[in-house]
Amino acid sequence: MSTLAVTLLRLGFLLLLWAFVMALVLTLRKDVYGTTIRERKPSRRSAPAPHPQPASPARPATPAPRRSLALAVTAGPLAGTTIPLSGAPLVIGRAADSALVLDDSYSSSRHARIYQDGGQWWVEDLNSTNGTYVSGQRISTPQQLQPGVPVVVGKTTMELRS
């Protein structure tokens with residue numbers, strides 16, 4: 001083999017090694033520092049707002065009673081923990097500023113987010129390493145949550161409860 005071929009093989013191997021090291025560093029950085037949370041923009045396909053009907057003077061208008069929902073941890077190290085949902089987004093992960101802090105090596109710093117949009121609750125995976133599972137299926141886009149449907153983050157299983 002000529003020296004030119006050996007030199008080219010060495011350079012190719014060196015480039016491949018550096019590409020691997022950079023991919024490893026970027027993955028570790030994402031896991032340690034987490035990802036940024038982007039707010040969902042309202043859908044353009046939403047229906048126009050209905051015109052409000054004036055309340056009858058004989059009967060005062062009363063708001064419909066709202067069911068209070070909570071996020072209940074059903075399995076894992078935090079089983080039995082319940083977090084009331086107030087409408088504010090709830091971040092789940094290992095980071096100390098998460099609403100539900102997991103001491104779990106299978107979860108990312110900022111693993112998933114549960115939020116309310118259009119009166120419905122949604123779960124979104126925040127580009128975690130091991131993924132977020134709803135009803136046993138790994139999600140890649142925000143999924144609507146229904147009460148009683150299991151959500152798995154790392155070794156922790158949780159669900160919405162009324």
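**First stop: the β1–β2 hairpin**

Start by selecting β1 and β2, which form a hairpin with six residues between them. In its turn, click on Gly76, whose phi is positive at about 115 degrees. Keep in mind throughout the tour that this is a predicted model.

Now colour the strands themselves: β1 covers residues 70–75 and β2 covers residues 82–84. The two run antiparallel and are joined by three bridges. For one facing pair, pick Leu71 and look across to Ile83 in β2.

β1 has another partner to show. Select β11, residues 156–161, and you will find it paired with β1 in the antiparallel sense over five bridges. A good pair to display here is Ala75 with its bridge partner Thr157 in β11.

**Step back for the overall view**

Zoom out to see the whole protein. Its secondary structure comes to one helix and 11 strands. Reading from the N terminus, the helix comes before the strands, in the run α-β-β-β-β-β-β-β-β-β-β-β. The protein has 162 residues, and 28% of them count as buried.

If you switch on a surface, the accessible area comes to about 11,600 Å², with 59% of it belonging to carbon and sulfur atoms. Of the contacts with a separation of 6 or more, 42% are between residues 24 or more positions apart.

**The five-strand sheet**

Next, select β3, β4, β5, β6 and β9 together. They make an open sheet in the order β4-β3-β5-β6-β9, with mixed pairing. Its edge strands are β4 and β9, each of which pairs on one side only.

Walk across the sheet from the β4 side. β3 and β4 pair in the parallel sense over two bridges, and Gly93 stands opposite Val101 in β4. β3 then meets β5, running antiparallel, through three bridges; show Val91 and its bridge partner in β5, Arg113.

While you are on β3, display its side chains: which residues lie on each face? Leu90 and Ile92 are on one side and Val91 and Gly93 on the other, and all of these are buried, leaving both faces covered.

Continue to β5 (residues 112–117), which pairs with β6 in the antiparallel sense over six bridges. Two facing pairs are worth labelling: Ile114 has Val123 as its bridge partner in β6, and Asp117 has Gln120. β5 and β6 form a hairpin with two residues between them, and Gly118 in the turn has a positive phi of about 65 degrees.

Pause on β6, residues 120–125. Five of its six residues are buried, so the strand is largely enclosed by the rest of the structure. At the far side of the walk, three bridges join β6 to β9 (residues 143–145), and the two run antiparallel. Trp121 and its bridge partner Leu145 in β9 are the pair to show here.

**The nonpolar core**

Hide the ribbon for a moment and bring up side chains. In soluble globular proteins, nonpolar side chains tend to be buried together. The largest nonpolar core here has 20 residues, and the members that touch the most others are Leu71, Ile92, Leu100, Ile114, Leu145 and Met158. β1, β3, β5, β6, β10 (151–153) and β11 each supply at least two residues of this core.

Centre the view on Leu71, the residue you met in the hairpin. Setting aside residues up to four places away in sequence, its contacts include Ile83, Leu90, Ile92, Leu100, Ile114 and Met158.

**Two serines to compare**

Select Ser107, in the loop between β4 (100–101) and β5. Is Ser107 buried or exposed? Ser107 is buried, with a relative accessible area of 2%; the cut-off for that label is under 20%. Its side chain reaches the backbone oxygen of Asp104 at 3.0 Å. Beyond residues up to four places away in sequence, Ser107 touches Arg94, Leu102, Val153 and Gly154.

Finally, go to Ser135, in the loop between β7 (132–134) and β8 (137–138). Ser135 counts as partly exposed, at 47% relative accessibility. Outside its neighbours within four places in sequence, Ser135 is in contact with Val149 and Pro150. To finish, draw a C-alpha to C-alpha distance from Ser135 to Val152: they are 17 residues apart in sequence and 8.2 Å apart in space.

Notes: Residues numbered from 1 in each chain as written. Predicted model: local features only at pLDDT ≥ 70, side-chain atom pairs only at ≥ 80, totals over all residues. Heavy atoms only, no water. Buried < 20%, exposed > 50% of the residue type's maximum accessible area, 1.4 Å probe, protein only. Helix = DSSP H or I, 4+ residues; strand = E, 2+ residues; numbered from the N terminus. Pairing = 2+ DSSP bridges. Polar contact = N/O pair within 3.5 Å; in protein donor to acceptor, adjacent residues only side chain to side chain. Contact = heavy atoms within 4.5 Å. Areas by Shrake-Rupley, 256 points an atom, 1.4 Å probe, with all protein chains shown as cover. Core = buried A, V, L, I, M, F, W, Y, C linked by side-chain atoms within 4.5 Å.
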